Amino acid sequence: MALQAAGRQSLVDTVVDALRSQLTAGEWQVGSRIPTEHALAEQLQVGRNTVREAVRVLVHAGMLRSRQGEGTFVVSTTDPGDIMRGIQRAGIRDVLELRIALEAEAARLAALRHRPDDLDRMRAALDAVAELADTDGEPDSGSLELYADHDVAFHRAVVEAAHNTALTATYGWFSSSVREALVSALDDRAMPRIVHGDHRAVLDAIAAGDPEAAEHATRALLDKPKRAVEALLADH
């Protein structure tokens, strides 16, 4: 079967996914030797270098082990990364639930209390996010950290626009968890992509002085990833 890179994936990533699927399906038992690079390259119709890189990824992940002069053997048919992603997703869900509680109220208050410079900060943060996005609105893998910084800056600007000292202090303490969860979600292909129109809807409602619309837009923005995480946790 010929493989082609799809979307954000490189060909190596695609081969990694294909081999991981064969491992988790039990096609090769623990302790058994997988086919040679040449055989896998022919099976997948890719170059041997691509297979070599993909095997190296799975060795690093703890699913395979290479033995000099003997070949590559199956160590585990369970990807430890899946387990870690499950743990991360549980943490992301907790963060999102608290974000909804804090940010929905902050947006409602921001619509009533914002100042012109508050809106300027929100717009600047969204513009910075947009500059890092590709034509599909997604950040490339090399800019996830900076992308997350600007996204969090937008949400902090919303909270600060509420002009509630206690709320700002609480979110300031919490924002490092927000950023960590966001970076994990951005790097997780199963999570929904960020929709910039959803952020603009929050900004527009605040700028219009509409507290109900601002609260609703914020809940809608954060509910999408929360539902995605809940579905992923249910699958596991």
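**Reading a predicted helical chain**

From the N terminus on, the elements of this predicted model follow the order α-α-α-β-β-α-α-α-α-α-α, which amounts to nine helices and two strands.

Student: How do you know how far the predictor trusts this chain?

Tutor: The pLDDT, a confidence from 0 to 100, averages 86 over the chain, and 86% of the residues score at least 70. Residues 4-8 are a stretch to read with care, since pLDDT stays under 50 there, and the model has eleven contacts for them beyond four places in sequence.

Student: Why is R99 called buried?

Tutor: The cut-off for buried is under 20% relative accessible area, and R99 has 6%, so R99 counts as buried. This residue lies in helix α4, residues 80-113, and in the chain as a whole 41% of the 236 residues count as buried.

Student: What makes the pairing of the R99 and H155 side chains a polar contact?

Tutor: A polar contact requires a pair of N or O atoms within 3.5 Å, one able to donate a hydrogen and the other to accept it; the side chains of R99 and H155 make such a contact at 3.3 Å. Leaving aside neighbours within four places in sequence, R99 is also in contact with residues including Y171, F174 and V178, and these three are among the buried residues of α7.

Student: How do you know that the length of α7 agrees with its number of residues?

Tutor: Helix α7 covers residues 165-186, and at 1.5 Å a residue its 22 residues should span 32 Å; the end C-alpha atoms are 30 Å apart, so the two values agree. The helix does have a kink of about 45°, centred on F174. At the start of α7, a side-chain oxygen of N164 reaches to within 3.1 Å of the backbone nitrogen of A166.

Student: What makes β1 and β2 a pair of strands?

Tutor: Two strands pair if there are at least two bridges between them, and β1 (residues 64-67) and β2 (residues 71-74) have four, in the antiparallel sense, so the criterion is met. Within this pairing L64 stands opposite V74 in β2. The two strands form a hairpin with three residues between them, and in the turn G69 has a positive phi of about 80°.

Student: What share of the contacts with a separation of 6 or more joins residues 24 or more positions apart?

Tutor: Such pairs account for 69% of those contacts in the chain, where a contact means heavy atoms within 4.5 Å.

Methods:
Residues numbered from 1 in each chain as written. Heavy atoms only, no water. Expected span 1.5 Å × (residues − 1). Bend = angle between axes of the 7 residues up to and from the residue. Buried < 20%, exposed > 50% of the residue type's maximum accessible area, 1.4 Å probe, protein only.
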